[in-house]
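Please open the model in a viewer and keep the sequence panel visible. Each stop below gives a selection to make and then describes what is found there.

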Amino acid sequence: MSVLVTQEAPDQEFFFDKGILARFPEMKVCLAERGSFVLRDAIDSEKIYQYRELVEKTHHIYVGRCADKGIDYRTAPSDWQGREGWEGIAHALRLGQINPGWLTHCFPDNSIYHLVSEDLLLFVAYFFGAPYRKSQSTHTRWLSPDQGTHRERFDHPVEWHVDAQHHGTAEFTINLWVPLQDCGLTRPGLQAAILPIARAQALAGFNSGTGAFEINEALRLNGDPSVLDGVPAFAPAMRAGDIFVMTHWTLHATYAVPKMTERRLSAELRFSYPSSIFPEALGPSPCGNRQSSCDQEPDGPSTTSPQHCDRLRAQDGGSTAPD
Ligand SMILES: [Fe+2]
């Protein structure tokens with residue numbers, strides 16, 4: 001498998017600047033035909049630093065609570081995964097994971113979803129073209145380049161997979177993968193196979209014609225990624241504030257090479273809509289529809305406001321928004 005950096009895959013790089021509205025159609029096509037893209041300068045770096053600190057504090061608070069219960073999260077066994085209560089929490093901590101609810105519980109006026117600006121939600125609404133919601137699978141995660149070398153035992157690089165293996169096929173999900181620090185150079189980054197969705201589904205064991213998902217096929221992929229031989233992978237170096245955008249059918253894995261020696265912290269902000277197929281319909285014109293397509297809970301991202309549309313349109317030099 002050849003690994004392409006941004007310069008070698010210019011079609012997969014977009015800048016969240018004054019011209020971004022006009023590029024929404026390209027971004028959606030990119031997800032359908034190539035599986036992913038990187039969105040540069042999408043989040044203010046100060047906000048990234050603020051949330052990195054909140055995640056670290058939340059982790060510290062929950063580690064302390066586990067200790068109060070007599071649990072050393074570093075020794076949480078694998079079969080505690082998904083359990084209710086402190087055993088499940090300890091297992092998540094061992095993987096380096098923080099769930100959004102924990103952070104909001106510790107810091108009530110804050111939500112990891114606040115990383116996503118109203119401007120950015122314009123693309124999410126455009127992508128789905130239908131009501132969507134926050135996914136329960138959103139979380140933040142530390143990842144160490146090598147298993148066992150870090151004292152907290154945060155998990156090792158993640159093997160090739162599609163998120164549908166873990167989250168099912170009933171809902172189509174878009175994943176905004178947000179590194180909370182620079183990655184892809186000294187810290188592990190992310191890589192994704194450059195494939196149309198239909199091919200990625202087939203390689204992952206899903207028959208889009210029948211809707212059957214052969215999970216054993218997917219597990220074979222995890223154990224033997226040789227099926228990806230000849231398929232290029234996209235692995236951009238990223239700065240805090242960039243976002244890697246993909247779907248739950250995008251084949252992806254940690255991008256880790258020996259020179260990467262530091263752990264990294266990232267957030268996976270997921271949005272779903274209740275259909276297994278790629279949302280073919282184009283969403284509302286970002287500035288032509290004053291209604292939000294997002295049925296969020298109150299702590300979720302704000303609705304699309306006329307003010308934001310007007311501001312983006314003004315930045316765009318008055319050009320017509322895509323529809
Ligand atoms: Fe994943």
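Begin with the whole protein chain selected: residues 24 or more positions apart account for 82% of its contacts with a separation of 6 or more, two residues being in contact if their C-beta atoms, placed from the backbone, lie within 7 Å. This is a predicted model, in which local features need pLDDT of at least 70 and side-chain atom pairs count only at pLDDT 80 or more, while totals for chains, interfaces and linings use all residues. Residues are numbered from 1 along each chain as its sequence is written.

With a cartoon display, nine helices and 14 strands can be located in the protein chain. Helices (H or I, at least four residues) and strands (E, at least two) are DSSP runs, numbered from the N terminus. Of the 323 residues in the protein chain, 41% are buried. A residue is buried if 20 or more other C-beta atoms lie within 10 Å of its own, exposed if 12 or fewer, and partly exposed in between, with C-beta atoms placed from the backbone.

**The nonpolar core**

In soluble globular proteins, nonpolar side chains tend to be buried together. Select L115, V124, V178, A200, I243, V245 and L251, the residues with the most contacts inside the largest nonpolar core, which has 82 residues. A nonpolar core is a set of buried Ala, Val, Leu, Ile, Met, Phe, Trp, Tyr and Cys residues joined through C-beta atoms within 7 Å. Helix 5 (residues 118–128) supplies the largest share of the 82-residue core, namely eight residues.

Which residues are in contact with A200, leaving aside its neighbours within four places in sequence? They are G35, V162, A193, L195, W249, T250 and L251.

**Strand 12 and its partners**

Next, select strand 12 (residues 243–247). Five of its five residues are buried, so strand 12 is largely enclosed by the rest of the structure. I243, V245 and T247 lie on one side and F244 and M246 on the other, and both faces are covered.

Add strand 3 (36–40) to the selection. Strand 3 pairs with strand 12 in the antiparallel sense over four bridges; two strands pair if DSSP finds at least two bridges between them. F37 stands opposite V245 of strand 12. Strand 7 (residues 172–179) also runs antiparallel to strand 12 and is joined to it by four bridges. Here L176 has V245 as its bridge partner.

**An open sheet**

Now select strands 1, 11, 8 and 13, which form an open sheet in the order 1-11-8-13 with mixed pairing. Strand 1 (3–4) and strand 13 (252–255) stand at the edges with a single partner strand each, so one side of each has no neighbour in the sheet. Strand 8 (residues 189–193) and strand 13 run antiparallel and are joined by four bridges. To see one bridge, select G189 and its partner Y255 in strand 13.

**Helix 2 and helix 3**

Two packed helices are described by the angle between their axes and the distance between the axes. Select helix 2 (45–68) and helix 3 (residues 85–94). Their axes come within 10 Å and cross at roughly 135°; axes are lines fitted to C-alpha atoms, for helices over the stretch in contact, and angles run from 0 to 180 degrees between N-to-C directions. Helix 2 is therefore oblique to helix 3, since angles under 35 degrees count as roughly parallel, over 145 as roughly antiparallel, 65 to 115 as roughly perpendicular and the rest as oblique. The contact involves H59, Y62, V63 and C66 of helix 2 and W86, I89, A90 and L93 of helix 3.

Within helix 3, the buried residues are I89, A90, H91, A92, L93 and R94. Their cover includes helix 2 and strand 4 (97–98). Just after helix 3, G96 takes a positive phi of about 85°.

**Three loop residues**

Select D41 in the loop between strand 3 and helix 2. D41 is a residue other than glycine with a positive phi, near 55°. D41 counts as partly exposed, having 15 C-beta neighbours inside 10 Å.

Move to S111, in the loop between helix 4 (100–106) and helix 5. Is S111 buried or exposed? S111 is buried, with 22 other C-beta atoms within 10 Å.

Finish at I277, in the loop between strand 14 (264–273) and helix 9 (306–315). I277 is exposed, with 10 other C-beta atoms within 10 Å. The C-alpha atoms of I277 and E171 are 8.0 Å apart, and the two residues are 106 residues apart in sequence.
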